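Please open the structure in your viewer and keep the sequence panel visible. The tour below proceeds by selection, one stop at a time.

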Amino acid sequence: MQDDPIPWRTRILAVLAALRMLVTGRHVYLSTGCIAGRHDYCSAPAGAQGDKQPARSKFSQAPCVCWCHDP
Ligand SMILES: [Zn+2]
Ligand SMILES: [Zn+2]
């Protein structure tokens with residue numbers, strides 16, 4: 001269990017995001033970068049596929065719900 005790369009807090013956030021999506025019917029986004037602990041990647045203006053919106057879904061423009069984007 002010590003070598004688990006995904007922090008518990010991120011897992012809980014992912015579950016909460018999925019629940020919120022079910023309850024509201026709206027797309028709630030938690031980036032794969034943040035799920036994997038790559039918060040720097042999620043916040044960066046450029047990704048592996050080229051330019052992207054920092055901390056936003058490129059499909060729905062929904063903001064990433066990870067705590068790392070909180071002011
Ligand atoms: Zn994050
Ligand atoms: Zn994020």
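## From the end of the helix

Begin with Gly25, which has a positive phi of about 75 degrees and follows directly after H1. Please bear in mind throughout that the model is predicted.

Next, select H1 itself, residues 8-24. How far apart are the end C-alpha atoms of H1? They are separated by 24 Å, and this agrees with the 24 Å that the 17 residues of H1 should span at 1.5 Å a residue. Colour the helix by burial: the number of buried residues among the 17 of H1 is zero, so H1 lies largely in the open. While the helix is on display, a general point is useful for reading its faces: an α-helix has 3.6 residues a turn, so residues three or four places apart point the same way.

Within H1, pick Ala18. Is Ala18 buried or exposed? Ala18 counts as exposed because it has 12 C-beta neighbours inside 10 Å, and the limit for that class is 12 or fewer.

From Ala18, draw a distance to Ala55: the two C-alpha atoms are separated by 17 Å, with these positions 37 residues apart along the chain.

Now centre the view on Ala55, in the segment after strand E2 (50-51). Its surroundings contrast with those of the previous stop: Ala55 has 20 C-beta neighbours inside 10 Å and therefore counts as buried, since the class begins at 20. Inspect the backbone here as well, for Ala55 has a positive phi of about 55 degrees although it is not a glycine.

Stay in the segment after E2 and move to Gln61. Here too the residue is not a glycine, yet phi is positive, at about 65 degrees. As to its environment, Gln61 has 10 other C-beta atoms within 10 Å and is therefore exposed.

The last selection is Cys68, also found in the segment after E2. With 17 C-beta neighbours inside 10 Å, Cys68 counts as partly exposed. Which residues does Cys68 touch, leaving aside those up to four places away in sequence? The contacts of Cys68 are Cys34 and His39. Finally, add Ser43 to the display and draw a distance from Cys68: the C-alpha atoms lie 8.8 Å apart, although the two residues are 25 apart in sequence.

How values were computed. Residues numbered from 1 in each chain as written. Chains lettered and ligands numbered in written order. Predicted model: local features only at pLDDT ≥ 70, side-chain atom pairs only at ≥ 80, totals over all residues. Helix = DSSP H or I, 4+ residues; strand = E, 2+ residues; numbered from the N terminus. Expected span 1.5 Å × (residues − 1). Contact = placed C-beta atoms within 7 Å.
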